[in-house]
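Biologist: Could you take me through one part of this model up close? I'd like to hear about the sheet in chain B, and then whatever else helps me place it.

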There are 2 protein chains.
Amino acid sequence: MTTIEEDLEDAASATPERGVVHRGVRRARAWLSRAVEPGTVDFWRYVEDVGPVEAARRLRAGSAPDRIRALVGARAQEDVTLADLGRAERCGGRLVVPEDDEWPALPLHALTLAVAREPDDHRRQSDRTLAPVPPLGLWVRGHGRLDELADRSVAIVGARAATAYGEHVAAELGHQLGERGWTVVSGGAFGIDGAAHRGALAAEAPTIAVLSCGIDRPYPAAHGALFHRIADNGLLVSEWPPGCAPLRHRFLVRNRLIAGLTRGTVVVEAAARSGAQATARRAQAVGRRVLVVPGPVTSAMSVGCHELLRDEDLQAELVTSAAHVIAAVGTIGDDLDGPVERPSSPRDGLSDLAARVLDACPVRVGVSPERLAAVAGCDILEVLRVLPALELAELVQWTGAGWRLTPPPTPTRDGPAGPGAAA
Amino acid sequence: MTTIEEDLEDAASATPERGVVHRGVRRARAWLSRAVEPGTVDFWRYVEDVGPVEAARRLRAGSAPDRIRALVGARAQEDVTLADLGRAERCGGRLVVPEDDEWPALPLHALTLAVAREPDDHRRQSDRTLAPVPPLGLWVRGHGRLDELADRSVAIVGARAATAYGEHVAAELGHQLGERGWTVVSGGAFGIDGAAHRGALAAEAPTIAVLSCGIDRPYPAAHGALFHRIADNGLLVSEWPPGCAPLRHRFLVRNRLIAGLTRGTVVVEAAARSGAQATARRAQAVGRRVLVVPGPVTSAMSVGCHELLRDEDLQAELVTSAAHVIAAVGTIGDDLDGPVERPSSPRDGLSDLAARVLDACPVRVGVSPERLAAVAGCDILEVLRVLPALELAELVQWTGAGWRLTPPPTPTRDGPAGPGAAA
């Protein structure tokens, strides 16, 4: 048993090894994930700035800036990282960190871009329940790989006090999206959330429940069997270390992750001025599509949905089927056919915006999305919205340092029959 | 009993008397309304061109152009006008003609503008079931004044095979719109139409049924009692003379009148590829707002509504209440409050478009809407959409020859107490 200081020291002096995350880095992030509540802009920026190992060392040693030390307070002297990591392991979980290959970097880039817009003055920053801050690490439980499951994922959210109609529609959408290879992401709650997860599971498709409590004690307890099935087929995900309770404000902090991890958010039922409406607005704020299922105008549980659809600023889209959802968030080539005939080149199917972003991409050296936005003459969130589609259509690629056009394929002489065909 | 030739002759030589329509003019239009099916572009243009009396005379005398004579055929020698006018009178009806003060000229101007866009070549003109042609006259039955009832009116249309949900919503909308002084216009059919009429009647508000058959034999017969109540409180309206049967194509021809007479069309329930959808598209084609009530995505009777809402070209607006409908079609000042505080001048509340059209209006000599569109740099249909609101806000006025700014009010010395107050 090494102390946290020994592990951090070791990580600080170790030579980085490709594809391997040092145990000190993971332990640093485990410690940081308990030191301050997720969603704190200044804390995330400090960790980004000095790195997780150095951030933890300085906070433990009392040499971090006053404002950051004030955020941590007395917890600077505590260390339950080995206990947390052990509890996670015992329930079949682990801590995924940004240094892991499994980290869903592409989806979460939306939050990185959004947090860059937060002002430096902490008094003018968004409240923690609303700030678009990336997570410092994600505790996950289950068999799936987080980045793979998040790649083609859609959030289905809605009222806990759902009607039979809402639960039916959520389950149908979950099932149909699952059948077509999409991961349904939701919050594991009663009502719409549970129905969406169950629909996906019925299609034997993986689904992700993003929790606002520890992965070892998922809430609500009455969904225990459901959470077990989700872990077997997909993932339980949380920013909070094992054992943490689902405090009220944590649901709001959690919602940005549901939006950030997915390509779009489908609201199935929502009362007026409800949490589901807030989730939809979070999704729009980080540049995601907001898709809304209508319902009877006589149903209180659809009032919030109709409000969203009438809100011109939100540009929410009315959807009634999984086909509509996929048409809205799908990728050119993978999911979307042309209306009459398929485009002869992937470029033909692009929106004006996507074509402009593509034109802004350099051939060799990758550039930042900020740079693309400047060249394409559009908003950074718009760039962010079209980049995943361009990448999946193999028109652009991420070099590790920035975005560039995908180089043309190298010609190959391999015939259609490989060695296996001769056997 | 005068012959039609005598009446026409008399009308042709009579000095026009202000506020009085010559019996020969009304008889000419009665004859024309039976001579050719409504909705025929070339026939309407000919009547506009030479006037109703001259058109009837020339057709009777065989001196009209070949193409117009071909449209009338052998019916040129028939004359049942006195019988038609008598049948109308016996059922409490009359023929309202464009020469009457009661003619709803302002609403129907939408059709006049739209028909101007039809090409001269009749082979390239819209099919009669789709051509946006004004009526040559309107047979009406009931106690209301057509122009007054049509002034603040909204169409409520939808499926005949409506669900209980749809009928409930249509009746509620009809009731609430009626309570607020709006005339509900519909087609008198089973399902949504009937529910909307009944809702208005329950609020003791006038309602208009636009029929595709004679006003003396309204269809469907099972709605006989309903039609009686409508005639008592509002109007039955038809382009077809008494006795005409509700032929299938006549429903389609009729639909343009429902759109033309009203400020907007609310679709309550519609199946996929249904007649109600077609009515909505007709409304948009003549520059009217299309308002759509959503429903359960599991209901076949709402599929058409959701299709309309997903059609970006249509720019349909989702509505769930009479308040939403009035906000969409109401008039600044009369119906619409500013979002927070009332505008200090009627101008303040105007949309960009309305302000541009207002700025295009001259002070003295009235100009055509076409001219306004050219000066304001917008589409003629857009001009048409904002003119009624500008007029009802008393910002512009119709001079008889064109539109101009409303002159400032002449100062008056009358105190608040009139002569009656002294009695």
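Modeller: Here's a walk through the sheet, followed by the chain contact and a few points on chain A. Keep in mind that this is a predicted model.

Let's start with the sheet in chain B. Nine strands make up an open sheet with mixed pairing, and the order runs β1-β2-β6-β5-β4-β3-β7-β8-β9. The edges belong to β1 (93-96) and β9 (317-318) of chain B; each has a single partner strand, so one side of each has no neighbour in the sheet. Now zoom in on one pair: β7 (residues 264-267) and β8 (residues 289-292) of chain B run in the parallel sense, joined over four bridges. Within that pair, B:Thr265 sits opposite B:Val290 in β8(B).

Next, where the chains meet. Chain A and chain B each bring 14 residues to the contact. On the chain A side, α9 (164-179) and α14 (300-310) are the elements giving two or more residues. Sorted by class, that side holds eight nonpolar, five polar and one charged residues.

As for chain A itself, its domain assignment gives domain 1 (146-205 + 248-329) and domain 2 (346-405). The C-alpha centres of these two domains of chain A are 27 Å apart.

One last residue: A:Leu247 falls in the loop between β6 (235-238) and α12 (248-261) of chain A. A:Leu247 counts as exposed because it has 12 C-beta neighbours inside 10 Å, and the cut-off for exposed is 12 or fewer. The C-alpha atoms of A:Leu247 and A:Leu71 are separated by 19 Å, with the two residues 176 apart along the chain.

Key. Residues numbered from 1 in each chain as written. Chains lettered and ligands numbered in written order. Predicted model: local features only at pLDDT ≥ 70, side-chain atom pairs only at ≥ 80, totals over all residues. Contact = placed C-beta atoms within 7 Å. Nonpolar A, V, L, I, M, F, W, Y, C, P; charged D, E, K, R; others polar. Pairing = 2+ DSSP bridges. Domains from an automatic or database assignment. Buried ≥ 20, exposed ≤ 12 C-beta atoms within 10 Å, placed from the backbone.
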